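Work through the following exercises with the sequence and the coordinates open. Each task is followed by a solution in steps.

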Amino acid sequence: MLGDSRLKHWNSVNAVQYSKDGKRLFSAGRDRTLRVWDAVSGLQQAAVLVDDHREILDMSVSPDETLIVLAVGFGPIKVVDIGGEPRLLDLPKLSQDPRL
């Protein structure tokens, strides 16, 4: 189990990835949330509910670690901006993002 009783995934975790420097851990799963953890303390730094009905099956973190692309079960690909306050991005507007 990752996190304490308040700060954990509430179902199975399908994807986990460390940041390049090993200081953060990204996780996503059946509870439909993407979570960012401090890899040393185990404390949750952020959580984003990605979809109301479908679990997150897999994820990929951008090279600069500001975007996370998520494969959501039988649904559209979702993109979360974690460069500041974590938020879901609107895919039509994403095509104009200079990070891509």
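The exercises below concern a predicted model, and they go from the open sheet to the later strands, the core and some loop residues.

**Exercise 1. The open sheet**

Task: Determine in which order the four strands of the open sheet are arranged, and which strands are at its edges.

Solution.
Step 1. The order is β1-β2-β3-β4, with antiparallel pairing.
Step 2. The edge strands are β1 (13-18) and β4, each of which pairs on one side only.
Step 3. From one strand to the next, the twist averages 15 degrees.
Step 4. Take the pairs in turn. β1 and β2 are antiparallel and share five bridges; here Ala15 stands opposite Ala28 in β2.
Step 5. β2 and β3 are likewise joined by five bridges in the antiparallel sense, and Phe26 has Val36 in β3 as its bridge partner.
Step 6. For β3 and β4, five bridges are again found in the antiparallel sense, and Thr33 has Leu49 in β4 as its bridge partner.

**Exercise 2. Turns with positive phi**

Task: Find which turn residue has a positive phi in the β1-β2 hairpin, the β2-β3 hairpin and the β6-β7 hairpin.

Solution.
Step 1. Five residues lie between β1 and β2, and Gly22 in that turn has a positive phi of about 75 degrees.
Step 2. Between β2 and β3 there are three residues; the residue with positive phi is Arg32, at about 70 degrees.
Step 3. The hairpin of β6 and β7 has five residues between its strands, and Phe74 in its turn has a positive phi of about 50 degrees.

**Exercise 3. Burial of β2 and β7**

Task: Explain why β2 counts as largely enclosed, and state whether the faces of β7 are covered or open.

Solution.
Step 1. A residue is buried when its relative accessible area is under 20%.
Step 2. In β2, five of the six residues are buried, so the strand is largely enclosed by the rest of the structure.
Step 3. In β7 (residues 78-81), Lys78 and Val80 are buried on one side.
Step 4. On the other side of β7, Val79 and Asp81 are buried, and both faces are therefore covered under the cut-off of 20%.

**Exercise 4. Partners of β7**

Task: Identify what β7 pairs with, and in which sense.

Solution.
Step 1. β6 and β7 run antiparallel and are joined by four bridges; Val69 has Val79 in β7 as its bridge partner.
Step 2. β7 also pairs with β8 (residues 87-88), over two bridges and in the antiparallel sense. Here the bridge partner of Val80 is Leu88 in β8.
Step 3. The connection from β7 to β8 is a hairpin through five residues.

**Exercise 5. The nonpolar core**

Task: State how many residues the largest nonpolar core has, and which strands each supply at least two of them.

Solution.
Step 1. The core has 16 residues. Those with the most contacts inside it are Phe26, Leu34, Val50, Met59, Ile68, Leu70 and Val80.
Step 2. At least two residues each come from β2 (24-29), β3 (33-38), β4 (44-49), β5 (56-61) and β6 (67-72).
Step 3. Take Leu70 as the example and leave aside its neighbours within four places in sequence. Leu70 then has contacts with Ala28, Leu34, Val50, Ile56, Asp58, Met59, Pro76, Ile77, Lys78 and Val80.

**Exercise 6. Three loop residues**

Task: Decide for Asp51, Val40 and Glu85 whether each is buried or exposed.

Solution.
Step 1. Asp51 lies in the loop between β4 and β5. Its relative accessibility is 6%, and Asp51 is therefore buried.
Step 2. A polar atom of the Asp51 side chain is 2.8 Å from the backbone nitrogen of His53. Beyond four places in sequence, Asp51 is in contact with Arg32, Val72 and Lys78.
Step 3. Val40 belongs to the loop between β3 and β4. Its relative accessible area is 74%, so Val40 is exposed.
Step 4. Val40 and Gly22 are 18 residues apart along the chain, and their C-alpha atoms are separated by 8.7 Å.
Step 5. Glu85 sits in the loop between β7 and β8. With a relative accessible area of 68%, Glu85 is exposed.
Step 6. From C-alpha to C-alpha, Glu85 is 8.4 Å from Ala46, although 39 residues separate the two in sequence.

Methods
Residues are numbered from 1 along each chain as its sequence is written. This is a predicted model: local features need pLDDT of at least 70, side-chain atom pairs count only at pLDDT 80 or more; totals for chains, interfaces and linings use all residues. Side-chain values use heavy atoms; hydrogens and water are left out. A nonpolar core is a set of buried Ala, Val, Leu, Ile, Met, Phe, Trp, Tyr and Cys residues joined through side-chain atoms within 4.5 Å. Buried means under 20% relative accessible area, exposed over 50%, partly exposed in between (1.4 Å probe, protein chains only). Contact means heavy atoms within 4.5 Å. Two strands pair if DSSP finds at least two bridges between them. Axes are lines fitted to C-alpha atoms, for helices over the stretch in contact, and angles run from 0 to 180 degrees between N-to-C directions. A polar contact is a pair of N or O atoms within 3.5 Å; within protein, one must be able to donate a hydrogen and the other to accept it, and residues adjacent in sequence count only if both atoms are side-chain atoms.
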